[in-house]
Amino acid sequence: MKIKTLSRSVDEYTRERSQDLQRVFHNFDPSLRPMEKAVEYQRALTAAKLEKIFARPFVGAMDGHRDGVSCMAKNPNYLKGIFSASMDGDIRLWDISSRRTVCQFPGHQGAVRGLTASTDGNVLVSCGTDCTVRLWNVPRPSLEDSSISSENFIEPSATYVWKNAFWAVDHQFEGDLFATAGAQLDMWNHNRSQPVQSFQWGTDSVISVRFNPGEPNLLATSASDRSITIYDLRLSSAARKIIMMTKTNSIAWNPMEPMNLTAANEDGSCYSFDGRKLDEAKCVHKDHVSAVMDIDFSPTGREFVTGSYDRSVRIFPYNGGHSREIYHTKRMQRVFCVKYSCDATYVISGSDDTNLRLWKAKASEQLGVILPREQKKHEYNEAVKNRYKHLSEVKRIVRHRHLPKPIYKAMGIIRTVNDSKRRKEARRKAHSAPGTVVTAPLRKRKIIKEVE
Amino acid sequence: MEISSEDNNLMEKVLPPVEQESDVELETKVKKYLRGEGANLETLKDKKLKTQLASREKLYGKSAKAAAKIEKWLLPAEAGYLETEGLEKTWRVKQTDIANEVDILSSRNQYDIVLPDFGPYKLDFTASGRHMLAGGRKGHLALLDMMNMSLIKEIQVRETVRDVAFLHNEQFFAAAQKKYAYIYGRDGTELHCLKERGPVARLRFLKNHFLLASVNKSGQLHYQDVTHGGMVASIRTGKGRTDVMEVNPYNGVVALGHSGGTVTMWKPTSQAPLVQMQCHPGPVSSVAFHPNGHLMATSGKERKIKIWDLRKFEEVQTIHSFHAKTLSFSQKGLLAAGTGSFVQILGDSSGGSSHNYSRYMNHSMVKGYQIEKLMFRPYEDVIGIGHSMGWSSILIPGSGEPNFDSWVANPFETSKQRREKEVHSLLDKLPPETIMLDPSKIGAMRPSRRKEKPSRGEIEAEKEVAIEAAKSTELKNKTKGRNKPSKRTKKKKEMVENAKRTFPEQEHNTALKKRRIGEDAAAELPASLKRFARKN
């Protein structure tokens, strides 16, 4: 006869000394945990509520410009700094952590339309409506530079005057060429005072330009004839052009998937394209009610931030049709430029009210050093909330955002307009012979034609 | 080439036998962690959603496999067992024999506490099995620490005590006394007097919901939330007085056994019972639930114990035995039945879905001891017996779960851990609406309609067939000038129109027809009577 009973010795199950950690035992058997789905649902609800309680996205405003902020530039080698330029020609370098100006770059006579930093971060290129392109030497940030009260004024290292006003500038990711957009697309070298190459397709001015992060010789531009053109520098000609229904204000390439680009359009939506196949948009991101002025991708490539004429900043997922988050303030007027910080934690918006505003990319994120147990708890909360975010109670809390009244009303109007359009289309289709009325998908509807 | 392939085949066959076994074992373990079957993704049309769900299902499989693999290292203890050799039978093994074979620590768990003055004792254990509450009929309440075998507090309330129950931990307990139920703190101070309930016959606590359920002498069921004291539900069962009440740990449903032989199941949010089962021809003496929630054991005065499957509400097994006054299931699925001074433990000899309970162990106590309540101690191979002369405890190898999880129930809890656990369980408190027969329905998809609507293609095909049939019918050749071609074409058009009309627009038409009929009827009435027309 063999008998064995459970007997637990206290020593095995408790700690030896009071300095030791308590002993913990795990048994993941589901039968020990009755009603685990209900408990998880309850935790998801609590997690959603906590997220809303801790959602304080606004970090601070950077005050100093005397006219509306027109453009910004990131320095990829220095996370803490951001360049911004205003409509009266004032260019500043800001230190994000203290939210103060480090140094100023005076010199432009009119509005500065484009700012970009070179690949190594030492040279800042700016262009403006005074038909000049200026190059500046960026001062190296040193550790003793804690006295930011002394503002330095830096002289341009080179000024190139040209025939027409410029609208945008962008620097190659790995090279020394930069491109300016004006009456035509010009390629410049740092040392030459005249453009090295010029491209033109049609007679309209080019509004924005963006180099591809993966392929240094590829760049995308948008022109005022409502087109998006992709140029290849090796071919020294335009590769492809599509014409849309409305003008594109800004373009951004996805840093993690360099063949995809997203265009911020005048009709309030952003269109994501595959650069190799431009006849159909991959995704249409619709949530803004007014023109989208600027767009920037996160370094993770998973989301992008847009700033719009309707006084709001929205963050979209790269493959989703609707925004994940909206930021707005009563004091923030028309947003002209946005940038996603290089560590994917902050979003900076420059707007018409002369302020740059710093927001958290994840509104309820805890900044600073987080203990590993805290980190695990955050991850668990995020995961359990995502598992139940389709159920009505959790969805209601997760989706809820306060919208400013004009945007709320405008969205209502847009919804009724679209509904009636759709109803009319459906009725037309129902009353005509099947096959005569074809509804094109939204991804194709806005593209008029593609030109080689 | 041939030789190498043969070699390869041999290599595949000759796996070390240990690994093969563990594959089969691993399969069963993985099944346990998978918590049911995967979702059927074939019915989805949205490709994006399909790929997302497919990757999630894969992750579930991976995590189940990881949990199954690590079980070997993570679980320190193994279950107890009692194995006999040869012609020996397990039910002939006495407690004295067991005491000779096991270690000292276990043999300390066999004892009889004789307190003849205070009447039959009812017992309750905390979830971790560390603390025990004993309540004697004549008013003796005792709170004990079973690990150290020490008495924490005992009080004499000088009133009849019909039932005792712990709340969420050992700091609070409830006692059903003569007129009302009372809640006491750990040091014996009376904290609350629950007057609303009336004279309570049975008290049970639902742990996840923090609800104290009770049935009183007039058969009313009360649920009270102990965190804020509000009465969540008071239900008049309408079935008369009963004192058989048990809680199903799997889904939080309360089962009452009535004198007509029916067992009814209740949830706090509805006034009508969820289920009514006719279990016995006579009154139900006691009810017990298996921890997995699928089995229920009931006993009636006709000396039968019936095992029911709760998923199909069918009887699985009938055991012809004695009239079991009290029943209890252990964590590992052993069923204890007690009558008079005799306890019988029944074990499930076949694992899996088919249940076959047979004698496992017996124990008879001194003739004068009348058993009042049996309760297995959680996480230990011990059963507590409350009887008319006090309480006893005997060893039943193989009844307790060997490995506890510190986050669920920790017998070696410190006060700090207990406080933290209390706060966390309060944060996870479930609302009473989550009590339902099938708790896995929370967060699940609503099943699609059973009557499948025929798809558009099918409808169109049928339509076309009908139109063809209508077109091809031959019209009667009419004579005497009635066979005009214009009339013929008109007739044919009418037939085709009729054939078209009998299709999905039909529902729309019937609704319209009804409305039109109403309107017509209204139109027929003279003007003075129009106000009496039916307005639909």
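The paragraphs below go through the annotated regions of two chains and then the interface between them.

This is a predicted model, in which local features need pLDDT of at least 70 and side-chain atom pairs count only at pLDDT 80 or more, while totals for chains, interfaces and linings use all residues. Residues are numbered from 1 along each chain as its sequence is written, chains are lettered from A and ligands numbered from 1 in the order in which they are written, and side-chain values use heavy atoms, with hydrogens and water left out.

For chain A, the unreviewed UniProt entry places the feature "repeat: WD" at residues 62-104, 105-146, 199-241, 285-316 and 328-369; UniProt positions are given in the numbering used here, feature names are shortened, and annotations may be inferred rather than shown by experiment. Residues 62-104 of chain A are 0% helix and 56% strand, with end C-alpha atoms 14 Å apart, where helices (H or I, at least four residues) and strands (E, at least two) are DSSP runs numbered from the N terminus. Residues 285-316 of chain A are likewise 0% helix and 56% strand, and their end C-alpha atoms lie 8 Å apart. The "domain: Sof1-like protein" annotation, also from an unreviewed UniProt entry, falls at residues 361-447 of chain A, a span that is 62% helix and 1% strand and whose end C-alpha atoms are 31 Å apart.

For chain B, UniProt (unreviewed entry) lists "repeat: WD" at residues 277-318, where the chain is 0% helix and 60% strand and the end C-alpha atoms are 16 Å apart. The UniProt annotation "domain: BING4 C-terminal", again from an unreviewed entry, covers residues 359-439 of chain B; this span is 16% helix and 30% strand, with its end C-alpha atoms 32 Å apart.

The size of an interface is often given as the accessible area lost when the parts come together. Between chain B and chain A the buried area (accessible area, 1.4 Å probe, that two parts lose on being put together, summed over both) is about 4,700 Å², of which carbon and sulfur atoms give 57%. The contact, meaning heavy atoms within 4.5 Å, takes 60 residues from chain B and 38 residues from chain A.

Pairing of strands is one part of this interface: strand 1 of chain A (residues 2-4) and strand 1 of chain B run antiparallel and are joined by three bridges, two strands being paired if DSSP finds at least two bridges between them. Lys4(A) has Tyr81(B) as its bridge partner in strand 1 of chain B.

Charged side chains also meet across the two chains. A salt bridge is a side-chain nitrogen of Lys or Arg within 4 Å of a carboxyl oxygen of Asp or Glu, and by this rule there are 40 over all chains, with six found across the interface of chain B and chain A. In one of them, Glu380(B) pairs with Arg8(A), the closest N and O atoms being 3.6 Å apart. This pair runs from the loop between strand 27 (371-376) and strand 28 (382-387) of chain B, which holds Glu380(B), to the loop between strand 1 and helix 1 (10-13) of chain A, which holds Arg8(A).
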